Structures are given as C-alpha cells and as structure tokens.
Amino acid sequence: MRRAVLAGLGHCVPDKVLSNAHLEAMMDTSDEWIRQRTGICERRISVPGQAASDLAIVAAREAVERAGVAAESLDLVVCGTVTGDMPFPSTACFVQAGIGATKAGAFDVGAACAGFIYSLAIGSAFVESGQAETVLVIGVDVLTKFVDWGDRSTAVLFGDGAGAAVLRPGEGDRGVIKTVLLSDGNGAPHIDFQVGGSRYPHGSPEAQGRRPAVAMNGAEVYRFAVRAMGDACLRVLAEAGLQPSDVDLFVPHQANLRIIRASQERLGLTDDRVFVNVQHYGNTSGGSIPLALYEAERSGRLKPGALVLTVGFGAGLVWGANLIRW
Ligand code: ACO
C-alpha cells in the first residue's frame with residue numbers, strides 16, 4: 001500500500017525567551033504555581049512584526065532541505081494555524097511564496113492545537129491516493145499575540161513556534177498508518193477567541209464588551225483533554241489492530257505536563273516512551289506536535305521502524321491522533 005512518509009522535518013521558534021521568573025515580574029503568579037500546575041518553565045515569544053508565516057517559512061525551508069526535495073516540486077502546502085498572518089489570504093500562501101513552491105496549491109486548516117494532526121491527515125490522504133507526490137505540512141501558532149497579559153490563568157500557558165514535515169510516497173510499512181479526527185462543536189465556548197470574525201467584527205457594535213483575547217474555561221478543557229487524548233489514542237490503535245504496548249514513542253500535544261502524564265497512565269506507557277518538551281516551549285498550539293517530532297528525531301529517540309503515536313486536542317472542540325511507522 002502507498003503511504004505518506006515523513007521524509008524531512010523542520011522547526012522554528014522565536015529567539016526571545018520568557019521564563020516563569022519574567023512572568024512573576026509581570027503578574028501575580030509564581031514559578032512554583034506554573035511548574036506544579038503545567039510543567040512549563042519557559043516559552044518563546046514572537047516579537048512585534050514577527051508573524052506566523054515568518055516562523056513557518058523557516059521551518060518549511062528546513063523540512064524541504066532535510067527531505068532533499070526542491071521547493072518547486074511541492075504539490076501542496078497545508079498549514080495548520082489559528083493565528084495566521086491575516087484573516088485572508090491564508091498563511092499557507094505566504095509560505096508558498098516565501099519558499100518558492102511555484103507549483104503548489106496552498107490552504108490553511110483551522111483546528112487549533114490539533115492543527116498539525118488534522119493537516120497531516122489531509123496531506124497524507126493526498127499522498128496515499130496518488131493525488132500528490134510531495135506535500136508540505138506545517139503546524140504554526142503565535143498565540144502569545146492573542147492572550148490577555150492581564151489574565152494569569154491563560155497568559156502563562158502559551159508560547160510561539162512552528163514545525164513542518166515534507167511528505168513523500170513510500171511503500172511497505174513506513175509512513176502514516178492510521179488517523180482519527182474528532183470534534184464536538186458544542187464545546188466551542190470552553191476555549192475561544194471571539195472578536196475579529198464575522199460574528200463579532202472588529203469595532204462593530206456586536207463586538208462591544210467582548211474581550212479581544214483567548215478566553216478559556218481551564219478546568220473544563222482539562223477534563224476534556226484527559227478523556228479525549230486517551231480515547232483518540234485507543235481508537236487509532238484499535239483501528240490499526242495494535243496495542244498501547246506496541247507504541248515506541250508517544251508524542252502528545254504539549255499543553256500541560258499533567259495532561260500528558262494522565263494520558264500516558266491511561267495507555268500504560270513508561271516515561272522512556274513519552275516525549276515531553278512542554279517545559280521549554282509551553283503550549284505552542286499547532287506548532288507543538290511537529291516541534292516535538294523534530295526534537296525527538298534530532299535527539300535520536302525516533303529510530304526508523306519505530307511506531308509513533310501523536311495525539312492532540314484544541315479549541316473547537318477538536319481532537320485526533322495519527323499513528324506513524326517512522
Ligand atoms: N498563577 C497563580 N495562580 C493562578 C494562576 C497563575 N498563573 N492561574 C490561575 N491561578 C489561580 C486561580 O485563580 C485559582 O485560584 P482560586 O482557587 O483562589 O480561585 C487557583 O490558581 C487554581 O486554579 P485552577 O483553575 O483550579 O487550577 P488548575 O489546577 O485547574 O490549573 C490550568 C489551571 C493549568 C489552566 C488547567 O486547568 C489546564 O491546564 N487546563 C487546560 C488548558 C489547556 O490545555 N488549554 C489549551 C487548549 S488547546 C487550544 O486550542 C489553544
């Protein structure tokens with residue numbers, strides 16, 4: 001069977017580091033609270049003028065180079081983001097132009113923190129079906145531009161970052177084996193950014209009194225995340241005829257260490273089979289899973305043939321998982 005192989009990965013995070021100590025000076029919080037409740041020690045923050053596509057282009061160039069393909073050979077650019085440069089055009093189009101992918105179609109996927117899970121599912125379907133030979137899949141978000149720095153319950157959680165993967169067809173075992181994508185729009189009010197769309201346009205009477213910032217019911221999202229991550233993982237494994245014990249590396253969305261550990265426990269995985277970098281980057285939303293895959297591979301934790309389980313959840317509500325034979 002023809003499968004989509006992740007032939008090259010790339011990444012980009014802003015240079016600017018914001019530690020928990022910096023946050024202590026900005027708001028009523030503490031390093032201890034943030035570490036205990038989230039596992040986060042520091043995050044990267046984009047500077048004014050640094051937009052999602054700036055990070056995505058750097059990540060994309062690296063992925064294309066590592067895959068050993070020419071940008072002109074890309075058939076498709078799929079970008080998972082909810083913090084794109086502008087409402088339109090799509091951030092994927094800025095990347096397409098930025099890297100010179102002159103023959104590629106380009107579009108964004110709005111699945112928040114599950115943006116890479118969804119984008120990888122779409123990109124791999126194009127490759128599997130033979131509609132595309134070479135696809136660039138990106139996850140990028142710059143949520144720190146959209147948080148209310150006066151709201152300590154959300155501001156401490158997020159960081160900015162991008163990751164990218166070039167997909168190429170492969171035969172045999174290697175590649176994306178199975179995907180599950182799920183959603184529950186009834187959970188939309190649990191995490192949203194309301195202002196700036198057609199419901200509450202910027203500066204409109206409808207937008208009056210609404211805060212132009214990420215709003216989140218943390219406890220509700222936490223409960224959902226723990227249930228959804230475990231469910232998606234067990235389902236994708238069952239559909240592939242595999243068991244949690246077959247997983248060599250679990251690469252979950254890096255939102256909160258406690259959520260990661262709860263999912264790990266449900267799957268019965270030991271620490272050596274779980275990748276964690278939330279301590280350095282916080283929740284980079286769409287960037288989190290490809291950044292984690294990138295670091296896992298660079299640190300030698302992703303060997304050819306390894307069974308990799310990725311899982312994510314986010315605003316929507318959406319969630320899903322990809323099972324990949326590395
Ligand atoms: N520093 C110090 N105290 C804080 C802070 C802070 N940064 N934030 C909140 N607190 C306080 C609260 O005010 C509360 O005080 P109170 O008891 O006096 O009212 C207390 O700490 C406890 O707050 P809880 O909400 O009960 O803390 P909890 O243990 O639930 O952790 C957290 C909060 C970390 C937000 C957790 O609920 C969580 O991780 N939720 C999931 C968030 C998430 O993953 N979001 C990403 C969604 S994905 C996407 O699409 C973007």
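Guide: Helices here are DSSP runs of H or I with at least four residues, strands are runs of E with at least two, and both are numbered from the N terminus. This is a predicted model, where local features need pLDDT of at least 70, side-chain atom pairs count only at pLDDT 80 or more, and totals for chains, interfaces and linings use all residues. Residues are numbered from 1 along each chain as its sequence is written, and side-chain values use heavy atoms, with hydrogens and water left out.

Visitor: Which helix supplies the largest share of the shell around the ligand?

Guide: That's α7, with four residues. Others that each supply at least two include α2 (31–38) and β12 (307–314).

Visitor: What makes the pair between T29 and the ligand a polar contact?

Guide: A polar contact is a pair of N or O atoms within 3.5 Å; within protein, one must be able to donate a hydrogen and the other to accept it, and residues adjacent in sequence count only if both atoms are side-chain atoms. A side-chain N or O atom of T29 sits 2.5 Å from a ligand nitrogen, so the pair qualifies. For G218, a backbone N or O atom is 3.0 Å from a ligand nitrogen, so that pair passes too.

Visitor: How do you know what span to expect for α7?

Guide: The expected span is 1.5 Å times one less than the number of residues. With 22 residues, α7 is expected to span 32 Å, and its first and last C-alpha are 31 Å apart, so the two values are close.

Visitor: Why is V221 in α7 called buried?

Guide: Buried means under 20% relative accessible area, exposed over 50%, partly exposed in between (1.4 Å probe, protein chains only). V221 is listed as buried, so its value is under 20%.
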